[in-house]
Amino acid sequence: MAAALASLAACGQMGGDDAGDEIAEAEAEDGDEAEAEAEAEAEMLANGAPAYPGMDISAAAVREPSGDSQTVSFETGADIFDVAEFYRTYYESDDHDITSMSLSAAGESNDQGATVSVSRDSQGGGSRVTIMPRDEAGEFDYSKAYGVNVPAYPGVDAEAVREHEFSNGRRSIRFETSDTPIAVLNFYREALGRNFDIRSTSLNAQSRVYRRSASINVSRRFNANGSRVSTTTRDPNRTAQAARNADK
C-alpha cells in the first residue's frame, strides 16, 4: 500500500513537472510572438509606411513632415511590379481601401505609349478609367485602339467612351467598367508591355478607420536594375503634434 501511494505521489510530481514545462513553453512562445510582432512593427519607415523587405532602412531619404504629410524615398534591386504588389497586398490587408492605381508606359521616344489611371467606383463597385496616349497626333479608333498600340478595353461599348481635349492639345480617353481596378490595370500592364516599357506604377490608399492615407510611387531606376520608391503618408495627427510642439 505504501509503495502504491509512493508511486502515485511520484506520478503526481511528474505530472506537475510536465504541466510546469508546458506553461513555460507556452510563455516562451508568447514571448517569441510578442518579439516577432515588435520586430514587424519596427520594420516601418519613418512616415508609417511599411519598409520593403530586404531594404536598408538607414539608407532611406526621410523628408521633414510638411503639414500632415511626410515622404520617405528609397531604392531597391527589386522589380517595380514586385514592389507595387507588396504595397498593394499590404494596404488591401490592412484597414485601407485602394482608391486608385496607375501605370505609365513609353517607347523609345516619349511620344509613344500611354498613361493609364484607374479609380474605384465607390457607388457602382467597378472602375473609372482614364487613358492619356502619348501620341498627340494619333487618330483614335474606338473600335480598335485608344491611340497607337493602346488597345480598347474588352466589353466597353465604343459609344460609351468619352474623349477629352486639354488646352495644350493633349487628349484623354475615359470610360467605366464593372471590372475591378486591379483587373483593368493588369490588362493594360500586359497589353502595353508588348510594345512599350512600363516605366512606373502607383497606388493611393485611404484608411477605413482613421483619416490617414498613403501614396506609393514606384519607377524604374535609370541605367540600373531595380526600383526607385517614393512613399507619402498623410496623418492629421502630425499637424496636431506639430502645433503642440510649437506651444511648448
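**Exercise 1.** How many residues lie between β6 and β7 in the hairpin that they form, and which residue in the turn has a positive phi? Work from there to the pairing of β7 on both strands that it joins, and to its burial.

*Solution.* The model is predicted. Begin at the turn: the hairpin of β6 and β7 has five residues between the strands, and Gly169 in that turn has a positive phi of about 95°. Next, follow the ladder between the two strands, where β6 (residues 162-165) and β7 run antiparallel and are joined by four bridges, with Glu165 standing opposite Arg171 of β7. Then turn to β5 (residues 127-133), which is also antiparallel to β7 and is joined to it by five bridges; here Val129 is the residue that stands opposite Phe175 in β7. Finally, consider the surroundings of β7 (residues 171-177): five of its seven residues are buried, so the strand is largely enclosed by the rest of the structure.

**Exercise 2.** Locate Asp121 and decide whether this residue is buried or exposed.

*Solution.* Asp121 is found in the loop that runs between β4 (113-120) and β5. The relative accessibility of Asp121 is 11%, and the cut-off for a buried residue is under 20%, so Asp121 counts as buried. When neighbours within four places in sequence are set aside, the contacts of Asp121 are with Gly126, Ser127 and Arg128.

**Exercise 3.** Describe how β10 pairs with β2 and with β9, and state which residue in the hairpin of β9 and β10 takes a positive phi.

*Solution.* Take β2 (residues 69-76) as the starting point: this strand pairs with β10 (residues 227-234) in the antiparallel sense over eight bridges, and Ser69 stands opposite Arg234 of β10. The pairing of β10 with β9 (residues 213-220) is likewise antiparallel, and eight bridges join these two strands, with Val218 opposite Val229. In the hairpin of β9 and β10 there are six residues between the strands, among them Asn223, which takes a positive phi near 60°.

**Exercise 4.** Which residues are in contact with Val83, leaving aside its neighbours within four places in sequence?

*Solution.* First place the residue: Val83 belongs to helix α2 (residues 80-93), and it is buried, with a relative accessible area of 0%. Its contacts, without those sequence neighbours, are Tyr52, Thr76, Ala78, Val218, Ser227 and Val229. Two of these names return from the previous exercise, since Val218 stands opposite Val229 in β10. Val83 and Val229 are 146 residues apart along the chain, and their C-alpha atoms are separated by 8.3 Å.

Notes
Residues are numbered from 1 along each chain as its sequence is written. This is a predicted model: local features need pLDDT of at least 70, side-chain atom pairs count only at pLDDT 80 or more; totals for chains, interfaces and linings use all residues. Side-chain values use heavy atoms; hydrogens and water are left out. Buried means under 20% relative accessible area, exposed over 50%, partly exposed in between (1.4 Å probe, protein chains only). Two strands pair if DSSP finds at least two bridges between them. Contact means heavy atoms within 4.5 Å.
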